[in-house]
Amino acid sequence: MMMMPILAAVTSASSILLGKDVLTIRPFSSKVDSENLSELCKDVWDGTDYLPNVAPLFESDPSCDFVIMEDKEGTMVAAGNRRNFDEEGNVIWLEAIRVSSRCKGRGIATALMGELIRRSKESGAREVLSCTIQENHAMNKVFTRVEMAFIKTVEWLDFATIKSLPGWAATDVDRNAEHILRALGIEHLVSEEVKMDTWTAVESQEELNSLLLEIKNQGGIGEL
């Protein structure tokens, strides 16, 4: 049986001072925050942000500490998740950092990242990691301000190319999406064995961890 890495999430609200503004950080609640989170993320990735859909999973995942930040009027201005990457709690991954478009340039992302890093160190983490695309200059500046060091560049999928394919953009609902390998013209580069691999839908983080462990035990590579 694989043990779930449990992160000690802060269950009550805490406040930080940003200039003259008092900002409150509290755990996300899908019952009361889902609509406001969707509003916060509406302009991210041209309206195709994944965060509103996965927020309930973050909320229920014991390895996560998913929080929102509110101003003194109770308006959501930012959100972010802190994820435990190993069973010992030595490595923390910061992800899904979002700031309201009307609040950018005020240092809110830096304040939120700083608080998440503080909580990670307080919980005993030896490493705090994160990433962003090279074109996200604002977030790269945030990393510098919170004294995170660059490790390396990772090649990633070009989402602009994907969105240009017929049927693959979230707003392109009138055309059928062609198989991704065929649409990109790289079908010949992928072996038939890989194409025939069985994809298994999982319903929870625990089920996913169990499947990854099973793959490793069979001599394969199972990483998230």
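# Exercises around Asp-172, two cores and some rings

The backbone nitrogen of Gly-167 sits 2.7 Å from a polar atom in the side chain of Asp-172. Such a polar contact is a pair of N or O atoms within 3.5 Å, where, within protein, one must be able to donate a hydrogen and the other to accept it, and residues adjacent in sequence count only if both atoms are side-chain atoms. This is a predicted model: local features need pLDDT of at least 70, side-chain atom pairs count only at pLDDT 80 or more, and totals for chains, interfaces and linings use all residues. Residues are numbered from 1 along each chain as its sequence is written, and side-chain values use heavy atoms, with hydrogens and water left out.

**Exercise 1.** Find where Asp-172 lies and decide whether this residue is buried or exposed.

*Solution.* Start with the elements: Asp-172 is in the loop between helix H5 (159-163) and helix H6 (180-184). Helices (H or I, at least four residues) and strands (E, at least two) are DSSP runs, numbered from the N terminus. Next, take the relative accessible area, which is 15% for Asp-172, so the residue is buried. The cut-offs are under 20% for buried, over 50% for exposed and in between for partly exposed (1.4 Å probe, protein chains only). Finally, look at the neighbours: leaving out residues up to four places away in sequence, Asp-172 touches Leu-165, Pro-166 and Gly-167. Contact here means heavy atoms within 4.5 Å.

**Exercise 2.** Work out which element gives the largest share of the largest nonpolar core.

*Solution.* A nonpolar core is a set of buried Ala, Val, Leu, Ile, Met, Phe, Trp, Tyr and Cys residues joined through side-chain atoms within 4.5 Å. The largest one has 27 residues, and Met-69, Ile-108, Leu-112 and Met-113 touch the most other members. Among the elements that give two or more residues to this core are strand S1 (14-18), helix H3 (108-122) and helix H4 (137-145). The largest share, seven residues, comes from H3. To see one member up close, pick Met-113, whose contacts beyond four places in sequence include Leu-94, Ile-97 and Phe-143. There is also a second, separate core of 13 residues, with Phe-58, Ile-68, Met-76 and Ala-96 among them.

**Exercise 3.** Say how the rings of Phe-28 and Phe-66 are arranged, and do likewise for Phe-85 and Trp-93.

*Solution.* Rings of Phe, Tyr and Trp (its six-membered ring) pair if their centres lie within 6.5 Å; planes under 30 degrees apart count as stacked, over 60 as edge-to-face and the rest as tilted. This rule gives three aromatic pairs. For Phe-28 and Phe-66, the centres are 5.0 Å apart and the planes stand at 45 degrees, so this pair is tilted. Phe-28 is in the loop between S2 and helix H1 (30-40) and Phe-66 is in strand S3, so far along the chain that 38 residues separate them. Turning to Phe-85 and Trp-93, the centres are 5.4 Å apart with planes at 5 degrees, so that pair is stacked. Phe-85 is partly exposed at 41% relative accessible area, whereas Trp-93 is buried at 18%.

**Exercise 4.** Identify which residues of H1 are buried and what they pack against.

*Solution.* Asp-33, Leu-37 and Leu-40 are buried in H1. Viewed down the helix axis, the buried residues of H1 fall within an arc of 50 degrees, so they line one face. That arc is taken from the directions from the helix axis to the C-beta atoms. The face turned away from the buried side carries the exposed residues Lys-31 and Glu-35. Last, the buried residues of H1 pack against S2, helix H2 (51-60), S3, S4 and S5.
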